[in-house]
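Thank you all for coming along; please keep the sequence and the picture open while I talk, because I will move back and forth between them.

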Amino acid sequence: MNTVRDHVEELTWRGLLHDSMPGTREYLNQGPVSGYIGFDPTADSLHVGNMVQIMMLKHFQESGHRPIALVGGATGMVGDPSGKKSERNLLDEETLRHNQRCVGDQLARFIDFGSRTRPAELVNNYDWFKDMGFLRFIREVGKHISVGYMLAKDSVKNRMESGISFTEFTYQLVQGYDFYWLSKNKGCRLQMGGSDQWGNITTGAELIRRMDGGEAFALTTPLLTKADGSKFGKSEGGNIWLDAARTSPYKYYQFWVNATDADAARFAHIFTVWPRERVEALVAEHARAPHLRQLQKEVAAAITVMTHGRSELDAALRATEILFGGGTSEALGSLSEKQWLDVFDGVPQAEVPRDALSSGVPIVDLLSERSGFLPSKGEARRALKEGSISVNKTRAEEGRVIGTDDLISGRFILLQRGKKNYFLLKLG
RNA sequence: GGGGAGAUACCCAAGUGGCCAACGGGGGCAGACUGUAAAUCUGCUGCUUCACAGCUUCACAGGUUCGAAUCCUGUUCUCCCCA
């Protein structure tokens, strides 16, 4: 089985190709090859900001090639100056090890490590750096690259004013050596990454050329920004993580379903493996009836399944239906206790003691100190004044007192500020 | 080492003895509109038993004054110029 599809063409229509080194397309079209992308183990979970690179590996595998995910245990200890204006804090080895394991597990949800024909592989550059002494490194590697060459990189140039440590200055050589090592030991002569990695990638290609006389290739992706120019991957609550414990599948689904029209179209290209006809048909359909948000829904569903699995998506959809699907107090009452807990799994919650409730709690107290939903009573009053508070899907007035009568299914009260902020109170 | 400028709420930024919880902008939150969108309009955005009331707040610590973010003293930090 040596058939591969034209990967460069595939990336092009998906809008994922920013730049490539000469000959890369031809190299890929010869047959299955290996290609790698590095991931920083700076946290014990990846977030949606990493999704472009994750999908690069996935599309690569779908095209018939063998993806290698490199977890940067060693490079994570150094710190990449690319795109950073200040020196980075170093992580200790124990933390890095933990992060590497978690990141590896997450990648396994997207790319297939068990394929017979084109299995993905996970490597950790700490393994080839841990016994590499400083003297050996500067003799074997440093010897081949001139300081002038290194200084010419943007990542270094941009930091000459504000200052850059020798450690970060050296980073490109360390990452470059990864590329060399993989080409030598794994036959991997292609590196992929974000466009900000171009400088590091070319250093690696240069090393391969000088140390081995070998040829190397590269593919980079454009930096993804949202249609309004803001940074992709952040939302009100901060980062959107791939770890369900950090970002619930419900919130994760909501993140994607809230995409603007333009973003949703791009997400369909980048974050799904749908064939071109399907993507284009959906986009066209959406253009005819944008108010249905069909594109957002399909894209969000596809990505959520890929990340968290079918059943987590179903739970997220149920929650969405209840919270946004014109849900009413009656709809809430029809849920079983288990359904309540499932549906609101991703919603912040607090417990309140029964006796407090039986004597009645003023809504202001309930919203603020009793639950922690809103930060202060002043804030709670303000919210009530603007009419943005609902209790069990029914708008609440300032004088409202909440008692046991308001409990649904004998246990729950659903608080709501505005359309999208929910809070679940449980009887303690 | 010498000289100068400055530190104000999430960010930028006015204010230079009482009318300052502190103009304005950004951001954030909410309401209307809508498609859980964008754009637009409106309101809110220190705390408190929201009241033209009280309390905490304008780098930090003291002081002057009936009264200070605003004046004085000291401390810390930042920036610029000269050497």
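Let me begin with charge: chain A carries 53 positive and 53 negative charges, and the mean positions of these two sets are 1 Å apart. I should say straight away that what we are looking at is a predicted model, and that every value I quote is computed from it.

With those charges in mind, we can turn to the salt bridges, of which a search of the whole structure finds 24. I will take a few of them in turn, and for each one I will say how far its partners are covered.

In the pair formed by Glu10 and Arg5, the closest N and O atoms are 3.5 Å apart. Is Glu10 buried or exposed? Glu10 counts as buried, because its relative accessibility is 10% and the cut-off for buried is under 20%. Its partner Arg5, at 30% relative accessibility, counts as partly exposed.

The next pair is Arg266 and Asp263, whose side chains meet in a salt bridge with an N to O distance of 3.1 Å. Both residues belong to helix H13, which covers residues 261-270, and they are 3 residues apart, about one turn of the helix. Here, too, the two partners can be described separately: Asp263 counts as buried at 3% relative accessibility, whereas Arg266 is partly exposed with a relative accessible area of 31%.

Helix H14, residues 276-288, holds both Glu280 and Arg276, which are 4 residues apart, again about one turn of the helix. The closest N and O atoms of this salt bridge, between Glu280 and Arg276, are 2.8 Å apart. Glu280 counts as partly exposed at 38% relative accessibility, and Arg276 also counts as partly exposed, at 37%.

Salt bridges can also be joined up, and in this model Glu379, Arg382, Glu386 and Arg417 are linked in a network of them.

Which residues gather in a patch of positive charge on the surface? They are Arg293, Lys297, Arg395, Lys419 and Lys420. Arg293 is found in the loop between H14 and helix H15, the latter being residues 294-308, and Arg293 is partly exposed, with a relative accessible area of 31%.

Now I would like to leave the charges and look at one residue of another kind, Val33, which lies in the loop between helix H2 (24-29) and strand E2 (34-39). Although it sits in a loop, Val33 counts as buried, at 9% relative accessibility. If we leave aside its neighbours within four places in sequence, Val33 is in contact with Tyr27, Leu28, Phe60, His65 and Arg66. To give you a sense of distance across the model, Val33 and Leu374 are 341 residues apart in sequence and 54 Å apart in space, C-alpha to C-alpha.

Finally, let me step back to the chain as a whole. The secondary structure of chain A comes to 21 helices and 15 strands, and its C-alpha trace spans about 80 × 45 × 35 Å along the principal axes. Of its 428 residues, 50% count as buried, while its accessible surface comes to about 19,800 Å², with 50% of that area belonging to carbon and sulfur atoms. As for how the chain meets itself, among the contacts with a separation of 6 or more, 74% are between residues 24 or more positions apart.

Conventions:
Residues are numbered from 1 along each chain as its sequence is written. Chains are lettered from A and ligands numbered from 1 in the order in which they are written. This is a predicted model: local features need pLDDT of at least 70, side-chain atom pairs count only at pLDDT 80 or more; totals for chains, interfaces and linings use all residues. Side-chain values use heavy atoms; hydrogens and water are left out. Helices (H or I, at least four residues) and strands (E, at least two) are DSSP runs, numbered from the N terminus. Buried means under 20% relative accessible area, exposed over 50%, partly exposed in between (1.4 Å probe, protein chains only). Contact means heavy atoms within 4.5 Å. Accessible areas come from the Shrake-Rupley method with a 1.4 Å probe; for residues, only the protein chains shown count as cover. Lys and Arg count as positive and Asp and Glu as negative; His and the chain ends are not counted. The place of a charge is taken as NZ of Lys, CZ of Arg, CG of Asp or CD of Glu. A salt bridge is a side-chain nitrogen of Lys or Arg within 4 Å of a carboxyl oxygen of Asp or Glu. Patches are made of residues with over 30% relative accessible area and no salt bridge: like charges are joined within 9 Å, nonpolar side chains (Val, Leu, Ile, Met, Phe, Trp, Tyr) within 5 Å.
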